[in-house]
Amino acid sequence: MTENTVERTVTTHVVGEGEDVITYDIHGDLSAATAERPALFLFAAPMDAGGLGQLAGQFADRPVVTYDPRGAGRNPVGTADITVEQHAADLHRVIAALDCGPVDAFGTSGGAVNLLELVTAHPEDVRIAVVHEPPLANVLPDREAVLAVVDHMKRTYAEKGDGAAMATFIPFVMLDGPVPDDYLDQPAPDPAMFGMSADDDGTRTNPLLRNMPATIVYRVDADRLRALGDRLVIAAGVESGDTLPARGARGVASVLDRPVTDFPSHHGGFADQPGYPGDPAGFAARLREILD
């Protein structure tokens with residue numbers, strides 16, 4: 001437990017059937033949600049509910065909802081690609097099942113992209129939407145280079161499996177700055193450098209790679225998003241530099257003629273992890289300031 005977190009009852013629920021089952025958790029008493037202080041829905045993608053636990057624990061003043069995105073965590077696994085529209089439809093189903101009116105929503109990484117689609121398709125679902133570091137290519141000047149790397153990553157996954165593909169993904173997502181045109185000319189990274197095996201076990205269920213390329217190639221509907229006004233907040237970490245997700249946030253904000261709201265720490269700053277310290281308390285304080 002990090003400082004200032006609270007322990008309270010967490011109940012687990014599901015919505016949907018078969019391959020469409022989505023698992024979600026309610027932290028606290030959902031009946032405590034009000035129009036002025038609605039339930040707070042925290043999510044990422046492909047990170048599951050466990051990754052948002054530290055942040056959820058910072059909010060004792062309202063019920064909090066976390067969930068496992070399609071294909072991840074406690075949900076059914078599969079091999080087919082997953083679309084942003086599917087994720088947004090799942091979020092809509094969870095909010096409908098809560099039956100407590102519009103929620104406040106914080107979406108980060110792939111979850112930020114899914115939140116953009118949710119408020120485009122169902123603006124009535126959300127009071128305030130905080131979109132944190134969406135890794136979008138179409139708002140960037142180096143769009144073609146980004147998409148070429150993603151295409152290479154998908155082909156690597158299909159041909160060589162999980163380890164080889166993830167070894168391609170990790171240095172790419174850590175790159176600070178635009179993607180050079182000759183990025184793919186460098187030697188393929190060795191999975192062993194990242195503690196992974198180069199052996200292909202034949203599985204193709206990795207939710208991160210199933211979300212590719214849909215998450216990266218998603219195109220925002222600028223007119224509908226502008227119509228949300230101050231209900232839509234685009235955010236990036238002050239330590240995120242020029243990594244793809246932070247550049248995506250700035251790109252979306254530019255398209256919408258909106259400012260970028262600074263958050264403490266980095267892309268995963270809502271959690272403290274071994275070797276990757278964040279600032280959950282500072283992150284929560286900033287989120288609370290925006291929502292209140």
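**Strands, helices and a pocket in a predicted model**

Three bridges link strand β3 (residues 40–43) with β4, and these two strands run parallel. One of the pairs involved is L42, whose bridge partner in β4 is T66. The model described here is predicted, and the strands around β3 make a convenient place to start a tour of it.

Strand β4 (residues 64–67) is covered on both of its faces. V64 and T66 lie on one side, V65 and Y67 lie on the other, and all of these residues are buried. Besides pairing with β3, β4 is joined by four bridges to β2, and here the strands run antiparallel. Within this pairing, H27 has V64 of β4 as its bridge partner.

Strand β2 (residues 22–27) is also where I22 is placed. Is I22 buried or exposed? With a relative accessible area of 0%, I22 counts as buried, because that value is under the 20% cut-off. Beyond its neighbours within four places in sequence, I22 is in contact with a varied set of residues. Among them are H13, V14 and V15, as well as Y67, D68, R70 and N75. The list also includes D90, R93 and V94. Y67 belongs to the residues of β4 that are buried, while D90 and V94 are among the buried residues of helix α2. In contrast to these contacts, I22 and A35 are 13 residues apart along the chain, and their C-alpha atoms are separated by 26 Å.

On its other pairing, β3 is joined to β5 by four bridges, and the two strands run parallel. F41 has A105 as its bridge partner in β5. How many residues of β5 are buried? Six of its six residues are, and the strand is mostly covered. On one side of β5 lie V103, A105 and G107, on the other D104, F106 and T108, and both faces are covered. β5 also pairs with strand β6 (residues 126–132), in the parallel sense and over five bridges. In that pairing, T108 has H132 of β6 as its bridge partner.

Helix α2 (residues 84–98) has 15 residues, which at 1.5 Å a residue should span 21 Å; its end C-alpha atoms are 21 Å apart, so the two values agree. Its buried residues are V84, H87, A88, D90, L91, V94, I95 and L98. Where do these residues fall when the helix is seen down its axis? They fall within an arc of 155 degrees, and therefore line one face of α2. The residue that follows α2 is D99, found in the loop between α2 and β5 (103–108). D99 has a positive phi of about 55 degrees although it is not a glycine. D99 counts as exposed because its relative accessibility is 69%, over the 50% cut-off.

S109 offers a second example of a positive phi, of about 60 degrees, in a residue that is not a glycine. S109 lies in the loop between β5 and α3 (110–121). At 19% relative accessibility, S109 counts as buried, since the value is under the 20% cut-off.

Helix α3 comes next in this account. Its twelve residues should span 16 Å at 1.5 Å a residue, and its end C-alpha atoms are 17 Å apart, which agrees. Eleven of the twelve residues of α3 are buried, so the helix is largely enclosed by the rest of the structure. Among these buried residues are G110, G111, N114, E117 and T120.

S109 also appears in the description of the largest pocket, which holds about 800 Å³ of space. Of the 31 residues that line this pocket, S109, F169, V173, H267 and Y276 are the closest to its centre. Which helix supplies the largest share of the lining? The answer is α5, with six residues. At least two lining residues each come from α5 (162–174), α7 (214–217) and α9 (244–256).

Two cis peptide bonds complete the picture. The bond from A45 to P46 is cis, with omega near 5 degrees, and P46 lies in the loop between β3 and α1 (53–56). The bond from M212 to P213 is cis as well, with omega near 0 degrees. P213 is placed in the loop between α6 (207–210) and α7, and α7 is one of the helices that contribute to the lining of the largest pocket.

Technical notes:
Residues are numbered from 1 along each chain as its sequence is written. This is a predicted model: local features need pLDDT of at least 70, side-chain atom pairs count only at pLDDT 80 or more; totals for chains, interfaces and linings use all residues. Side-chain values use heavy atoms; hydrogens and water are left out. Buried means under 20% relative accessible area, exposed over 50%, partly exposed in between (1.4 Å probe, protein chains only). Contact means heavy atoms within 4.5 Å. The expected span of a helix is 1.5 Å times one less than its number of residues. The arc is that of the directions from the helix axis to the C-beta atoms. Two strands pair if DSSP finds at least two bridges between them. On a 1 Å grid over the protein atoms alone, a cavity is a set of points where a 1.4 Å probe fits but cannot get out, and a pocket is an open set with protein on both sides within 12 Å along at least five of seven lines; lining residues have an atom within 4 Å of a point. Grid points are joined across faces, edges and corners, and a volume is the space filled by probe spheres set on the points.
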